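Trainee: Could we take a close look at one residue together and then work outwards from there? I'm new to this, so please explain the terms as you go.

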Amino acid sequence: MLRRQFMNCLILLVCCAVNAATYQGSTVYESYRGLVMAGYQGWFNAPDDGANRGWYHYTARKGFYPGSCTIDMWPEVDEYEKLYESPFRFEDGTFAKLPSPYDYSTVDTHFRWMQEYGLDGVFMQRFVGEVSNPSGKNHFNKVLSNAMTAANKYGRAICVMYDLSGMPKNGVEVLINDIKEVAAEHSLMSHKDNPSYLYHNGKPLVTVWGLGFNDHRRYGLEEGRQIVSALKELGFSVMIGVPTHWRDLEDDTEPDPALHDLIRQCDIVMPWFVGRYKENTFDKFKPLIKKDIAWAKKNKVDYAPLCFPGFSWQNMRFPQDLHDFTPRNSGKFFWKQLQFALDAGAEMIYIAMFDEIDEGTAIFKCAKRVPLAYPGSTFVPIDEDIPSDEYLRLAGKAAAVLHQRFSLISLY
């Protein structure tokens with residue numbers, strides 16, 4: 001087994017040395033410990049952005065026009081270099097515009113914000129269902145390339161995260177082939193050539209999200225075991241994304257102890273909390289998180305608690321079920337979670353999400369002035385009593401606390 005692992009790592013190192021990109025980064029990221037990072041979807045497209053996908057992921061099944069869309073929030077667009085006119089209008093009759101992460105300038109703006117506000121970096125989402133087809137793979141390759149360049153330019157951490165949602169039958173093979181290509185293209189095995197890529201426990205980190213859920217997915221724990229095993233053999237450390245009640249194997253989780261065995265094979269476990277609680281019910285989840293941390297320590301797995309600013313499916317699931325709405329309360333809900341994670345002894349934090357305006361979890365700058373509302377496209381503005389950068393500021397504030405804690409620890 002060890003000989004096979006060594007050979008797989010050697011082959012990947014050789015592949016990464018051929019035609020691999022070299023980046024000039026200012027910071028080398030050796031560990032997730034002490035960092036606050038967010039998920040980065042990067043799945044939006046606009047006509048004429050060069051991806052040939054038209055309006056993508058902004059659009060609902062019937063298209064993208066007043067009365068049909070999936071996004072609930074509207075980006076604050078003043079700082080973007082390139083914008084695309086949408087079919088939506090403001091009250092004064094002017095057309096509202098949107099950015100596309102297919103453009104490097106858009107991603108550059110996002111990573112500049114991360115640096116300005118102190119967010120340590122992002123996990124770049126790669127949806128296995130998307131990268132299994134040419135159009136999706138082209139898009140996510142371009143966005144990832146944009147992000148690798150920007151991450152090193154601004155000294156931010158970056159890590160690949162595979163979302164298994166919608167994974168096809170040959171998804172295991174797709175994922176493993178894809179990470180080999182990504183590793184070769186972006187020098188993941190060489191910190192000298194890609195300083196910003198996030199390492200953990202001495203190896204480049206890859207995240208696999210979506211294992212253990214009991215919502216009738218087309219894949220299961222066996223596929224997860226194959227993926228984690230293959231990633232380990234290739235020389236990666238692994239973070240696994242699991243349901244909220246993974247430890248007790250109940251509620252949103254498959255009642256299969258094999259999930260715990262799989263988690264023990266990984267380096268970090270990250271549970272999914274989005275939409276599971278609101279501000280007035282969060283206190284009930286505090287004991288759960290403390291027990292999660294204790295289980296992880298006992299089983300020698302690092303634990304990354306998740307914090308999110310709010311949640312909304314107003315347009316994606318029209319007419320909306322009010323149970324699917326979590327108010328932001330001007331950042332108080334977000335900070336309550338961050339503060340608890342810090343007080344509970346979290347060594348790293350995952351924020352959902354940086355740019356997710358579909359589910360209303362975005363922490364990047366979103367607008368107070370939003371387009372006119374129609375049934376099926378009513379947008380949620382940022383609270384009037386806070387600036388549009390409030391959530392970036394809070395994320396950076398939490399990161400500063402972790403930085404200080406780990407710098408103090410390193411003195412002894």
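Trainee: Leaving aside its neighbours within four places in sequence, which residues is H186 in contact with?

Mentor: Happy to help! Please keep in mind that this is a predicted model, in which local features need pLDDT of at least 70 and side-chain atom pairs count only at pLDDT 80 or more, while totals for chains, interfaces and linings use all residues. Residues are numbered from 1 along each chain as its sequence is written, and side-chain values use heavy atoms, with hydrogens and water left out.

Now to your residue. With neighbours within four places in sequence left aside, H186 is in contact (heavy atoms within 4.5 Å) with A21, Y23, L144, S145, M148 and N194. H186 itself sits in helix 5; helices (H or I, at least four residues) and strands (E, at least two) are DSSP runs, numbered from the N terminus. With a relative accessible area of 4%, H186 is buried. Here buried means under 20% relative accessible area, exposed over 50%, and partly exposed in between, using a 1.4 Å probe and protein chains only.

Let's stay with helix 5 and follow its charged side chains. In K137 and D178, two side chains meet in a salt bridge, 2.5 Å from N to O. D178 lies in helix 5 (residues 171–186) and K137 in helix 4 (residues 134–154), so this pair ties together parts that are 41 residues apart in sequence. The term salt bridge stands for a side-chain nitrogen of Lys or Arg within 4 Å of a carboxyl oxygen of Asp or Glu. D178 counts as buried, at 1% relative accessibility.

K137 has another partner: E181, with which it forms a salt bridge whose closest N and O atoms are 3.0 Å apart. E181 is in helix 5 and K137 in helix 4, so here the parts tied together are 44 residues apart in sequence. E181, with a relative accessible area of 43%, is partly exposed.

Elsewhere, E79, R112, E116 and K365 are joined into one network by salt bridges that share partners. A search of the whole structure finds 22 salt bridges. One of them is between R112 and E79, where the closest N and O atoms are 3.1 Å apart. Because R112 lies in helix 2 (residues 104–117) and E79 in the loop between strand 1 (36–40) and strand 2 (84–89), the pair ties together parts that are 33 residues apart in sequence. Both are partly exposed: R112 at 21% relative accessibility and E79 with a relative accessible area of 33%.

Strand 2 has a residue for us to visit as well, namely S86. With a relative accessible area of 3%, S86 is buried. Apart from neighbours within four places in sequence, S86 is in contact with W55, F64, W74, F95, A96, K97 and L98. Of these, W55 is 31 residues away along the chain, and its C-alpha atom is 8.9 Å from that of S86.

Let's finish with the empty spaces. On a 1 Å grid over the protein atoms alone, a cavity is a set of points where a 1.4 Å probe fits but cannot get out, while a pocket is an open set with protein on both sides within 12 Å along at least five of seven lines; lining residues have an atom within 4 Å of a point. Grid points are joined across faces, edges and corners, and a volume is the space filled by probe spheres set on the points.

The largest pocket holds about 880 Å³ of space. It is lined by 34 residues, and W43, S165, W209, W313 and E359 are the closest to its centre. At least two lining residues come from each of strand 4 (121–127), helix 3 (128–131) and strand 5 (157–163).

There are also 4 cavities of 30 Å³ or more. The largest cavity has a volume of about 80 Å³, and its lining includes G42, F44, Y58 and H110. The second largest cavity has about 50 Å³ of space. Among the residues that line it are F273, Y277, F340 and A341. Helix 9 gives the most to this lining, with 3 residues.
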